[in-house]
Amino acid sequence: MFGREHQTGLQGVSSTSKRKLRREEAVVEGVKRWLGNPISKLTLRLICSRDKHGENRLDIALRRYTGEDVPCNIWDRFTSFLVSLTLEKGSSIFGYSTGDLKKSLRDEIVRRGIINVLEGIARYGVRRPFVSAAPFLVVWNYTTLCNLRCRHCYLRAGSKPAEDELTTEEAKKVVDDLASAGVVAIAFSGGEPLLRKDIFEVAGYAKSKGFYVSLATNGATIIPEVARKVKEVFDYVEISLDGFEETHDQFRGVRGAWRRTCEGIRNCVAEGIDTCVAVTATRYNFEEIPKLIEFAEKELGVHRVIVFNYVPVGRGKDMVEADISPQERQKLLKYLYMRMMGSRMMCYSTAPQYSVVSLELAGSPVVTHFASSGTMRLQGRTKALADFIGGCGAGRLYCGLEPNGDIVPCVFMPIVIGNVRRDRLQDVWHSSELLWELRNRDEIKGCGDCEYRYICGGCRARAYGYFGNVLAPDPACIHNLEYWHQLRHPTPTAKAPSYSGDAGRAAT
Ligand code: SF4
Ligand code: SF4
């Protein structure tokens, strides 16, 4: 049950914190103005350009800043000088020591992230919310093969792989393509990715190319020997657990799944893998979630949980009755935030409204989501930063890949915008009309006028699932109650709203 102590807000923010926040807001505003200036943009383009060997100048500059001895020409030296000046200034303003900064910049994943952000600004300008030069994260549905029969499966996965799945060689070429695009992280999902024989080979190849590599699995096959192999390749593992035994097994369609999954989680924790429990919130497990989090922490030993939104897609379309109401979602998100604030347990959610809840409850830190598989979480300490990081990341910071190489804006939004067998991901990312529609929050029905549209924007996959249009309202939100009521209680005069004639991409 949701305890009362989790339903009240924080008791205000101290005046020192408020002063600090105001100072950070001012700095962010200053940086925004500076980056909006044409000369700064030109400088940024120069810094982010490639040398004649195809090496990224910014990467060279960052590596030189950390003390690495990188061969470079006069241009690289000039770029390095500018970058080091900016980093020194920036770190002193935000109160980070240069030692700590250098330490984090030695990590290739951190450098890739910074390059992606700055290239995004150089290419697309200072947008709210921010659009990165390439997806930060690609969630790759690696196969449709699965050993469970989950009621809410977005891929309708089952006992067979799709006939046109990418081969091992093709999959490795995809990894190369994602590397040249500047993608930072790859999450292998499914179906059940561990059932594909080449998963460790291809994920290991991705690791060798410097990606942050994660795994979304049902965990049922993770015996100790598999956990050891997972540890060698993956940086992070997310395992689905939808409730206690009866609820989970009913949901997952296989008796005994709960026990095997719990074993899988324990085996990952025992190996020291960064492990997260993923729960899809429905009316069937809603009341169990607080106890499940307790169980995950105390009995399974994990320190991170992510609560997924139910999205009516794939087999999930056949169970719309399971969706929780906007009020219940609000209650759940508040609970998660307060639960996280009061303990070591990190509690996240894929509901973009989570950032609004965290902003309203505490003002800081603002937790925002952009990944359906939870491999990356961003926190903006100020509203100004949160406006950039910005809630739903579909087509903006993240995209999905299907087992046959189809590119989709989000794995919960099955609209094909290209295929990696014939298209470069980078080209699709830059030119897809649909992605540009998703990047413009001002045109969204029900959210376009909302003050939180940049830090939230609603789940575009839920909008598409319910209304067949990516720019329709997300009926999950307490500010969009009229749409929820129309869906739940259509009257002869008030039909469920249709947006196929409006701006935005409708179902085909
Ligand atoms: S109206 Fe839209 S943008 Fe505003 S809080 Fe609700 S879902 Fe988010
Ligand atoms: S559409 Fe956006 S909010 Fe919804 S699951 Fe995808 S990335 Fe998350």
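## A tour from the ligands to the sheet

Begin by selecting ligand 2, which is surrounded by 13 residues, the closest of them being Cys392, Ala394, Cys410, Cys459 and Ala461. Bear in mind throughout that this is a predicted model. If you colour the shell around ligand 2 by residue class, it divides into 9 nonpolar residues, 3 polar residues and 1 charged residue.

Move next to ligand 1, which has 14 residues around it, with Cys447, Cys450, Cys456, Gly458 and Cys477 coming nearest. Colouring by class here gives a shell of 6 nonpolar, 6 polar and 2 charged residues.

Now leave the ligands and display the sheet, an open one in which 10 strands follow the order 7-6-5-4-3-2-1-10-11-12, with mixed pairing. Strand 7 (346–349) and strand 12 (418–419) each have a single partner strand and stand at the edges, so one side of each is left without a neighbour in the sheet. As background for what follows, strands of a sheet pair through backbone hydrogen bonds, either parallel or antiparallel.

Select strand 10 (residues 398–401), where Tyr398 and Gly400 point one way while Cys399 and Leu401 point the other way, and where all of these residues are buried. This fits the general rule that side chains in a regular strand alternate between the two faces of the sheet.

With strand 10 still highlighted, add strand 1 (residues 137–141), which runs parallel to strand 10 and is joined to it by 4 bridges. To find one residue pair across these strands, select Val138, whose bridge partner in strand 10 is Cys399.

Then add strand 11 (residues 406–408), which runs antiparallel to strand 10 and is joined to it by 2 bridges; here Leu401 has Ile407 of strand 11 as its bridge partner. The hairpin made by strand 10 and strand 11 has 4 residues between the strands, and in this hairpin Gly405 takes a positive phi near 95°.

Continue outward to strand 12, which pairs with strand 11 in the antiparallel sense over 2 bridges, and where Asn419 is the bridge partner of Asp406.

For the last stop, select helix 13 (residues 326–341), whose 16 residues reach 23 Å from the first C-alpha to the last, close to the 22 Å expected at 1.5 Å a residue. Among the buried residues of helix 13 are Pro326, Arg329, Leu332 and Leu333, and the buried set also includes the run Lys334, Tyr335, Leu336, Tyr337, Met338 and Arg339.

Note on methods
Residues numbered from 1 in each chain as written. Chains lettered and ligands numbered in written order. Predicted model: local features only at pLDDT ≥ 70, side-chain atom pairs only at ≥ 80, totals over all residues. Near = placed C-beta within 6 Å. Nonpolar A, V, L, I, M, F, W, Y, C, P; charged D, E, K, R; others polar. Expected span 1.5 Å × (residues − 1). Buried ≥ 20, exposed ≤ 12 C-beta atoms within 10 Å, placed from the backbone. Pairing = 2+ DSSP bridges.
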